[in-house]
Amino acid sequence: MRVLLISSNTERINMVTLPLGLGLVAEATRRAGHQVALVDALREPDPVLAIEKSIASFHPDVIGVSIRNVDNQDREAPRFLLGQVRPLVMACRAASHAPIVLGGAGFSIFPEAVLRYLGADLGVRGDGEAVFPELIRRIGAGEDPSGMPGVHVAGHAGATEPSFSEELSGMPQWDESLEAVTDPASPDLWVPVQARRGCPNDCSYCSTALIQGRRIRARPAGEVADHVARLAAAGYRRVYFVDNSFNIPEPYALDLCRALRRRGPGLEWRCIVYSQHLGEELAGAMADAGCVEVSLGFESGSPAILREMNKRFTPDDVREVSDRLVSHGIHRIGFLLLGGPGETRGTVEESLAFASSLHLDTLRITVGIRIYPGTPLARRAIEEGVVRPDDDLLFPTFYLAPGLEPWIHERVGSLSA
């Protein structure tokens, strides 16, 4: 079958983004024996026209549309990004009778609501590399996809659980379509690499479990290191490990760093770390393997707020990890997430003083927490009357503890004055 895949993201948000997830689905679809074409809306001056031209020349039997972000997660200047996706889906509908299948992180969080809003036919939730090719097979064979694990069908009541593969070994890590939209020499390009999926941490506000599940599934460390070495050989110089927490589990992270070191790809990389379980040996191994920067998402410097967020670390743990990274020459980007349940002026000041004491290379502060369905924060917001029980939360809705406005905006704004 002929399959057209569309990356609908048009946002750059902090760095040049590559449609890695869609690329992996493209490769898996090719491996299943299908023809694949890809349109990346971020790199098209007129995405609708590009889609129309691709449909006219390729005549797809199935169209897949990836939804990366539903909104920009900014309480002060919220932007609902699905409004930019709807014209792309409408263009597909006008130019083709092919079924339209949605997928991606944004879809996985709000499957039924996104299907309704965009007017698509089907949606894939979970590991698209495994689910999507099987869905295409069923469509081609004329079989009813209703009830298929990880597949939502428009108009069918009841949510379908996401489908996660037991193992990641052997699943695609790259696709030829990604090479067509990258310039290895670009100083702004950090090529995304995913070694693990899933997060067991259960932070009160986080949507990662809805996207990847709670059980950690890791590729063999050598398999990942081989992929990174191939990227280096192709001329890429910077890699971004997009795993939710690079250092969990710590023994795997150590194995991966050693594998990278043995292959000596000679490139720089960055990652996201959890502020716990990052010992001296791992910090040294990260630096030796080429790590130059980490995102340190500690979110608060108040022990009380960390407990409210269900964080499993303390400010002392954060300081220990931060100091350890500094001692190995690794830059740190710190993140504060202010305004959640229990937040007061006192805990805000506590967090700001703590972050200042770390002498971070960069500090990013967010005021107000995006509420995602199915999270403890969503349940808290319903109990407090912040949102209605029947609100699907598709349109950006934020939690901000009472009594902080307008002071908190003035206080945070004074830091950059």
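The following conversation concerns selected features of a predicted model.

Reader: Let us begin with the six-stranded sheet. What is the strand order, and is the sheet open or closed?

Author: The sheet is open, and its six strands follow the order S2-S1-S3-S4-S5-S6 with mixed pairing. Its edge strands are S2 (35–40) and S6 (151–153), each of which pairs on one side only. From one strand to the next, the twist averages 20°.

Reader: How many bridges are there between S4 and S5, and in which sense do they pair?

Author: Strand S4 (residues 100–103) pairs with strand S5 (residues 122–124) in the parallel sense, over two bridges. Within this pairing, valine 101 stands opposite leucine 122 of S5.

Reader: Which strands does helix H2 touch?

Author: Helix H2 (residues 47–58) packs on the sheet and touches strand S1 (2–7), S2 and strand S3 (62–66). The direction of H2 makes about 165° with that of S2.

Reader: And helix H5, which strands does that one touch?

Author: Helix H5 (residues 111–118) also packs on the sheet. Its contacts there are with S4, S5 and S6, and its direction makes about 45° with that of S6.

Reader: Staying with H5, at what angle does it cross H3?

Author: The axes of helix H3 (residues 82–95) and H5 cross at roughly 55° and come within 9 Å. The two helices are therefore oblique to each other, because that angle falls outside the ranges for roughly parallel (under 35 degrees), roughly perpendicular (65 to 115) and roughly antiparallel (over 145).

Reader: Which residues make the contact?

Author: On the H3 side they are Leu82, Gly83, Val85, Arg86 and Val89, and on the H5 side Val114, Tyr117 and Leu118. These residues of the H3 and H5 contact divide into six nonpolar, one polar and one charged.

Reader: Changing topic: where is arginine 196, and is it buried or exposed?

Author: Arginine 196 belongs to strand S8 (residues 196–197). It is buried: its relative accessible area is 3%, and the cut-off for that class is under 20%.

Reader: Which backbone oxygens does its side chain reach?

Author: A polar atom of the arginine 196 side chain lies 2.4 Å from the backbone oxygen of phenylalanine 246. The arginine 196 side chain also reaches the backbone oxygen of isoleucine 248, at 3.4 Å.

Reader: What about aspartate 243: which side chain does it contact?

Author: The side chain of aspartate 243 makes a polar contact with that of arginine 196, at 2.8 Å. Aspartate 243 sits in the loop between S10 and H10 and is buried, with a relative accessible area of 1%. Leaving aside residues up to four places away in sequence, aspartate 243 touches Val193, Gln194, Ala195, Arg196 and Ile272.

Reader: How do the strands around there pair, parallel or antiparallel?

Author: Strand S7 (residues 191–193) and S10 run parallel and are joined by three bridges. In that pairing, valine 193 has phenylalanine 241 of S10 as its bridge partner. S10 also pairs with S11 in the parallel sense, over three bridges, and there arginine 238 stands opposite glutamate 268 of S11.

Reader: You mentioned isoleucine 248. What is the peptide bond from there to proline 249, cis or trans?

Author: The bond from isoleucine 248 to proline 249 is cis, with omega near -5°. Proline 249 is placed in the loop between strand S10 (238–241) and helix H10 (250–263). Most peptide bonds are trans.

Reader: What joins glutamate 405 and proline 406?

Author: A cis peptide bond joins them, with omega of about 0°. Proline 406 lies in the loop between strand S16 (398–399) and helix H16 (407–414).

Reader: Finally, the backbone torsions. What is phi at histidine 277 and at asparagine 310?

Author: Histidine 277 has a positive phi of about 60° although it is not a glycine. Asparagine 310, likewise not a glycine, has a positive phi of about 65°. Most residues other than glycine have a negative phi.

Reader: Where are they, and how accessible is each?

Author: Histidine 277 is in the loop between strand S11 (268–273) and helix H11 (280–288), and its relative accessibility of 46% makes it partly exposed. Asparagine 310 is in the loop between helix H12 (303–308) and helix H13 (315–327). With a relative accessible area of 34%, asparagine 310 is partly exposed.

Notes:
Residues are numbered from 1 along each chain as its sequence is written. This is a predicted model: local features need pLDDT of at least 70, side-chain atom pairs count only at pLDDT 80 or more; totals for chains, interfaces and linings use all residues. Side-chain values use heavy atoms; hydrogens and water are left out. Helices (H or I, at least four residues) and strands (E, at least two) are DSSP runs, numbered from the N terminus. Buried means under 20% relative accessible area, exposed over 50%, partly exposed in between (1.4 Å probe, protein chains only). A polar contact is a pair of N or O atoms within 3.5 Å; within protein, one must be able to donate a hydrogen and the other to accept it, and residues adjacent in sequence count only if both atoms are side-chain atoms. Two strands pair if DSSP finds at least two bridges between them. Axes are lines fitted to C-alpha atoms, for helices over the stretch in contact, and angles run from 0 to 180 degrees between N-to-C directions. Contact means heavy atoms within 4.5 Å. Ala, Val, Leu, Ile, Met, Phe, Trp, Tyr, Cys and Pro count as nonpolar, Asp, Glu, Lys and Arg as charged, and the others, Gly among them, as polar.
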